[in-house]
Amino acid sequence: METTIQQSGNQIIASFSGRLDTAAAVPAAEAVKPLLEAENSEIILDCTHLEYISSSGLRIFLSIRKEAAAHGSKVIVRNINADIRQVFMMTGFISLFEIQ
């Protein structure tokens with residue numbers, strides 16, 4: 001699992017690749033800490049190379065959304081594959097996030 005963060009103006013892109021499972025959740029949560037403090041930003045969670053997401057990974061996405069709302073930021077999830085879309089649909093996350 002690899003997480004990279006890039007910032008351009010008020011847009012922050014967090015790219016995830018590999019499997020965001022229980023084992024990867026702790027380092028991923030550490031990597032996304034800067035997103036939790038971003039104010040008035042557009043936060044993009046780029047899932048182009050994300051193969052799998054577990055409940056631990058979903059909790060990370062949810063915490064990003066919660067903190068973003070508290071800081072006036074917007075979260076967009078991009079490029080989820082069919083399997084991850086199915087997980088989002090089954091858990092109700094599909095209605096919590098803007099999906100592109």
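# A guided tour of the predicted model

Select S17 and H49 to begin: H49 in β3 is the bridge partner of S17. The model on display is a predicted one. Its chain averages a pLDDT of 96, and 100% of the residues score at least 70. If the chain is coloured by confidence, helix α2 (residues 33-36) shows the lowest value, a mean of 92, whereas β3 shows the highest, at 98.

## Around S17

Keep S17 selected. This residue belongs to strand β2. Is S17 buried, partly exposed or exposed? With a relative accessible area of 25%, S17 is partly exposed, because that class covers values between the 20% limit for buried and the 50% limit for exposed. Next, display the surroundings of S17. Apart from neighbours within four places in sequence, S17 is in contact with M1, E2, H49 and L50. For a sense of distance across the model, draw a line from the C-alpha atom of S17 to that of V87: the two residues are 70 residues apart along the chain, and these atoms are separated by 17 Å.

## The sheet

Now select the strands. They form an open sheet of five strands in the order β1-β2-β3-β4-β5, and the pairing is mixed. Which strands lie at the edges? They are β1 and β5 (98-99), each of which pairs on one side only.

Follow the sheet from β1. Strands β1 and β2 run antiparallel and are joined by seven bridges. Two positions help to locate this pairing: T3 stands opposite F16 in β2, and Q6 stands opposite I13 in β2. Then select G9, in the hairpin of β1 and β2. Two residues lie between the strands of this hairpin, and G9 takes a positive phi near 65 degrees.

Continue from β2 to β3. Here the strands run parallel, with nine bridges joining them; the pair of S17 and H49, where the tour began, links these strands. From β3 to β4 the direction is again parallel, and the number of bridges is five. To mark this pairing, select I43 together with V75, its bridge partner in β4.

## The nonpolar core

Turn next to the interior. The largest nonpolar core has 27 residues, and L20, L45 and F61 are those with the most contacts inside it. At least two residues of this core come from each of β2 (11-20), α1 (22-31), β3 (42-53), α3 (55-70), β4 (74-78) and α4 (82-91).

Select F61 and show what surrounds it. Leaving out residues up to four places away in sequence, F61 touches F16, L20, L45, C47, L50, I53, V77, F88 and F97. Two of these, L20 and L45, were named with F61 above.

## The two sides of α1

Move to helix α1 and select A24, A25 and A28, which are buried. Why do these three share a side of the helix? They cover an arc of only 115 degrees around the axis, so they lie on the same side of α1. Select A23, V26 and P27 for contrast: these residues are on the other side of α1 and are exposed. Among the elements that cover the buried residues of α1 are β1 (2-8), β2 and α3.

## Two loop residues

Select S54, in the loop between β3 and α3. Its relative accessible area is 8%; S54 therefore counts as buried, the limit being under 20%. Beyond residues up to four places away in sequence, S54 touches L20, D21 and T22.

Then select N79, in the loop between β4 and α4. N79 has a relative accessibility of 41% and so counts as partly exposed. Outside the residues up to four places away in sequence, N79 touches D46, C47, T48 and Q100. With D46 there is a polar contact: the side chains of N79 and D46 are joined at 3.4 Å. As for C47, its C-alpha atom is separated from that of N79 by 5.3 Å, although the residues are 32 residues apart along the chain.

## The ends of α4

The last stop is α4. At its N-terminal end, select N81, which caps the helix: a side-chain oxygen of N81 lies 3.0 Å from the backbone nitrogen of D83. Finally, select G92, just after α4, where phi is positive at about 85 degrees.

Notes:
Residues numbered from 1 in each chain as written. Predicted model: local features only at pLDDT ≥ 70, side-chain atom pairs only at ≥ 80, totals over all residues. Heavy atoms only, no water. Core = buried A, V, L, I, M, F, W, Y, C linked by side-chain atoms within 4.5 Å. Buried < 20%, exposed > 50% of the residue type's maximum accessible area, 1.4 Å probe, protein only. Helix = DSSP H or I, 4+ residues; strand = E, 2+ residues; numbered from the N terminus. Contact = heavy atoms within 4.5 Å. Polar contact = N/O pair within 3.5 Å; in protein donor to acceptor, adjacent residues only side chain to side chain. pLDDT = per-residue confidence, 0-100. Arc of directions from axis to C-beta. Pairing = 2+ DSSP bridges.
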